[in-house]
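Work through the following exercises with the sequence and the structure side by side. Each task is followed by a solution that goes step by step.

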Amino acid sequence: MFDTIYNSGTVSASQFFIMAAASIAAGFVYAFIISFRIRAKKRFFIVTAVVPFIVSAVITFVSGNIGAGVAVGGAFSLIRFRSAPGSADEISSLLIAMGSGIAFGMGYIAYGVIILIGMAVIFLVLSLLPIFEHKSMSEEKLLRITIPESLEYSGAFDDTFRHFLKSYENAGVKTTGMGSMFRLSFKIVMKDPAEEKEFIDELRTKNGNLEIAVLPYTEPSNQL
């Protein structure tokens, strides 16, 4: 059951179609399971469902040829850099699909199915369990304040911050509006989340009623 179905140097048509049917079926089951926890468009799950077959077909045709394998790796990297960056969930789900595709492509049908369905169940269970959820991190917000270039922003909001915030940390500054304004970013924790509107109203009196945003905080690539 766990042996490869490719028992010779060549792959017969029947062996290829068995591999294709198994990888496509397992891929769609995998995509269906993860769709309960990942928020994405329908086309993402369709792509995820067919990735195992695509990768397995490539591995089958490469058939141990190192030069062809390097060329395929280069093609995959081009596809990656032509794609919009996705969430951690989306990236990990595609990596799992690609990993199972390698197993299918080498003829290990049972292992490919176990990787796909097993990881989908593990992902679903871990998503439902209350682990890796730290209250202190969930309280963190990203505050963005737009100010005119004439305003000296160093320490301009400190008194308001001390009144409303449990903690705050400067997360960067950038120019905006063709250089006519600055956007300040802070990682903040409110003393009382119910005072958020009052907090924003007081900031508006100091930044000339320009844009202010309070957003969920995530570790950046770029949050400015």
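**Exercise 1.** Which kind of link do the side chains of D201 and K197 meet in?

Solution. The model is a predicted one, in which local features need pLDDT of at least 70, side-chain atom pairs count only at pLDDT 80 or more, and totals for chains, interfaces and linings use all residues. Residues are numbered from 1 along each chain as its sequence is written, and side-chain values use heavy atoms, with hydrogens and water left out.

The side chains of D201 and K197 meet in a salt bridge, at 2.9 Å from N to O; the term stands for a side-chain nitrogen of Lys or Arg within 4 Å of a carboxyl oxygen of Asp or Glu. Because D201 and K197 are 4 residues apart in helix 8, they are separated by about one helical turn. Helices (H or I, at least four residues) and strands (E, at least two) are DSSP runs, numbered from the N terminus.

Next, D201 also forms a salt bridge with R204, with the closest N and O atoms 3.1 Å apart. Salt bridges that share partners thus join K197, D201 and R204 into one network.

**Exercise 2.** Describe how the strands are arranged in the sheet, and where helix 8 packs.

Solution. Begin with the order: 4 strands form an open sheet, 2-3-1-4, with antiparallel pairing, where two strands pair if DSSP finds at least two bridges between them. Strand 2 (165–176) and strand 4 (212–216) stand at the edges with a single partner strand each, so one side of each is left without a neighbour in the sheet. The twist averages 20° from one strand to the next.

Helix 8 (residues 196–204) packs on this sheet and touches strand 1 (140–148), strand 2, strand 3 and strand 4, contact meaning heavy atoms within 4.5 Å. The direction of helix 8 makes about 145° with that of strand 4; axes are lines fitted to C-alpha atoms, for helices over the stretch in contact, and angles run from 0 to 180 degrees between N-to-C directions.

**Exercise 3.** Is K187, the salt-bridge partner of E169, buried or exposed?

Solution. E169 in strand 2 and K187 in strand 3 are 18 residues apart, and the closest N and O atoms of their salt bridge lie 3.6 Å apart. K187 is buried, with a relative accessible area of 19%, whereas E169 is partly exposed at 45%. Buried means under 20% relative accessible area, exposed over 50%, and partly exposed in between (1.4 Å probe, protein chains only).
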